[in-house]
Amino acid sequence: MKITLSNFSGIPIYEQIKEQIKSQILSGELKEGDKLPSLRELARDLRISVLTTTRVYTELEKEGFITNIQGRGCYVLGEGSELLKEHMLREMERNLSDALKAAKIAGLNISEVHQALDLMNEDKQDE
Amino acid sequence: MSDAINVKNISKIYPGFELKDISFNLPKGYIMGFIGPNGAGKTTTIKLILNMIQRAGGTIEVFGLDNIAYDAEIKEHTGVVFDNHYFLDEWTLNDINRVMALFFSNWQSSIYREKLEQYQLNPAKKVKELSKGMRLKLMLAVAFSHDAKLLILDEPTSGLDPVARDELLETLAKFIQDGERSVLFSTHITSDLEKIADYITFINNGRLIFTGIKDEFIDSFRLVKGGKEDLTPDVKAHLIGYREYDSGFEGIMYTEYATLFPNLLAEKSSIDNIIVFTYKGTNGL
């Protein structure tokens, strides 16, 4: 796991850590079953408050990215996790709704949006 | 969650100074920053916790035990680091090993020798020959050698260079690793606390201003800025303290009030600014 904190970004420390762990899980750098450092280890390494790392892990657990096994530590949940799937579904719906709003402003009808989506999908599969 | 320290409504009266109705608790396993300007009552509070002076009112529990009735038990498990050390100048570090073994039933010479080596302190040296940074390390070595569960530091970083301060923070972070040990850390060098502290207790002029989670502390204040014409009586009434200058003003406001004045620039404040402007405000400067 890699965490780099900026003191000048204006983004709260807990959010920086949370986003970095999330993106490493989504990109597959952190895999299902990987053990995360303990709350106190992470706080010590980054020289931050234990309460800050507690907040990060609590929120990641709520969003379905990790699971806290009492007495054993925190583990990454894989793509198979129902919670993570649910979370990604919500994420997709939110982005699609934004896309639809933009399409409406641009005067595109729904079949044109469908076409654009199909095209993007083909491009993705070529990659 | 049990508390390492639980202070309830304590007070102390000196001629010209009154510590009034101070309450806070430090949960076991965490670091609390104890802040406030000089003369706010930080050292008085610490002395009351350590049963070094008599209180006028209130209760204090350390490890869940009354701090007067269980004075000896508490001292066994409490390490203190003061700005001024409490050793005799003529003692060598070897002498301290022998003396402390008399004070503490759980004193471990092997750990003491280990720590001296780790901190690169020569056991043959006398206390008076040590630099300020070395004395701090000596006091830490003593605290660790009787397996302290609570570390109370009073202004340990004043007069230390950045390297020594960083080493201290590292030591404290390691100290609380097992979740059983706690730290109360009074300082006016707040950059030390900005990241590492879990809780903050802020007193000013003998009164408690805030106690709680550090992030909530920082988040409950905003540094607001504006032009001279923005400093209306209404704005003034909501400012805790401020500074006026030719091209405008800046000051500290509770976050809930800051939203009432959307024309002002409101940003997150450093702990330093919160202390400075609170001091200015309460002292009518």
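These exercises work through helices, salt bridges and surface patches in a predicted model.

**Exercise 1. Helix lengths in chain B**

Task: Check the span of helix 5 (residues 132-145) of chain B against the expected value. Then do the check for helix 11 (residues 271-282) of chain B.

Solution:
- Step 1. Helix 5 of chain B has 14 residues. The rule is 1.5 Å times one less than the number of residues.
- Step 2. The expected span is 20 Å, and the distance from first to last C-alpha is 20 Å.
- Step 3. Helix 11 of chain B has twelve residues and should span 16 Å. Its end C-alpha atoms lie 17 Å apart, which agrees.

**Exercise 2. Cover on the two helices**

Task: Which residues are buried in helix 5 of chain B, and which in helix 11 of chain B?

Solution:
- Step 1. Buried means under 20% relative accessible area.
- Step 2. In helix 5 of chain B, ten of the 14 residues meet this, so the helix is mostly covered.
- Step 3. Among them are B:Gly133, B:Leu136, B:Leu138 and B:Met139. B:Phe144 and B:Ser145 are also buried.
- Step 4. In helix 11 of chain B, the buried residues are B:Ile271, B:Ile274, B:Ile275, B:Phe277 and B:Thr278.
- Step 5. Recall a general point: an α-helix has 3.6 residues a turn, so residues three or four places apart point the same way.

**Exercise 3. Three salt bridges in chain B**

Task: Locate the partners of B:Lys28, B:Glu155 and B:Glu167. State whether each residue of the B:Glu155 pair is buried or exposed.

Solution:
- Step 1. The structure holds 25 salt bridges over all chains. The cut-off is a nitrogen-oxygen distance within 4 Å.
- Step 2. B:Lys28 pairs with B:Glu180, with the closest N and O atoms 3.3 Å apart. B:Lys28 is in the loop between strand 2 (17-27) and strand 3 (31-35) of chain B. B:Glu180 is in the loop between helix 6 (162-175) and strand 8 (182-186). The two are 152 residues apart.
- Step 3. B:Lys28 is partly exposed at 30% relative accessibility. B:Glu180 is partly exposed at 40%.
- Step 4. B:Glu155 pairs with B:Lys42 at 3.6 Å between the closest N and O atoms. B:Glu155 lies in the loop between strand 7 (150-154) and helix 6 of chain B, and B:Lys42 in helix 1 (residues 42-49), so the pair ties together parts 113 residues apart in sequence.
- Step 5. B:Glu155 is buried at 9% relative accessibility. B:Lys42 is buried at 5%.
- Step 6. B:Glu167 pairs with B:Lys137, the closest N and O atoms being 3.1 Å apart. This pair links helix 6 and helix 5 of chain B, 30 residues apart.
- Step 7. B:Glu167 is partly exposed at 35%, and B:Lys137 is partly exposed at 23%.

**Exercise 4. Surface patches in chain A**

Task: Which residues form the nonpolar patch, and which gather in the patch of negative charge?

Solution:
- Step 1. The nonpolar patch holds A:Leu89, A:Met92, A:Leu96, A:Leu117 and A:Met120. Together they have about 470 Å² of accessible area.
- Step 2. Helix 4 (82-106) of chain A gives the largest share, three residues. Helix 4 and helix 5 of chain A each supply at least two.
- Step 3. A:Leu117 is in helix 5 of chain A. Patch residues need over 30% relative accessible area; A:Leu117 is partly exposed at 45%.
- Step 4. The negative patch holds A:Asp118, A:Glu122, A:Asp123 and A:Asp126. A:Asp123 sits in helix 5 (residues 110-126) of chain A. A:Asp123 is partly exposed, at 49%.

Definitions and conventions: Residues numbered from 1 in each chain as written. Chains lettered and ligands numbered in written order. Predicted model: local features only at pLDDT ≥ 70, side-chain atom pairs only at ≥ 80, totals over all residues. Heavy atoms only, no water. Patch = residues over 30% accessible without salt bridge, like charges linked within 9 Å, V, L, I, M, F, W, Y side chains within 5 Å. Areas by Shrake-Rupley, 256 points an atom, 1.4 Å probe, with all protein chains shown as cover. Salt bridge = Lys/Arg side-chain N within 4 Å of Asp/Glu carboxyl O. Lys, Arg positive; Asp, Glu negative; His and termini not counted. Charge placed at Lys NZ, Arg CZ, Asp CG, Glu CD. Helix = DSSP H or I, 4+ residues; strand = E, 2+ residues; numbered from the N terminus. Buried < 20%, exposed > 50% of the residue type's maximum accessible area, 1.4 Å probe, protein only.
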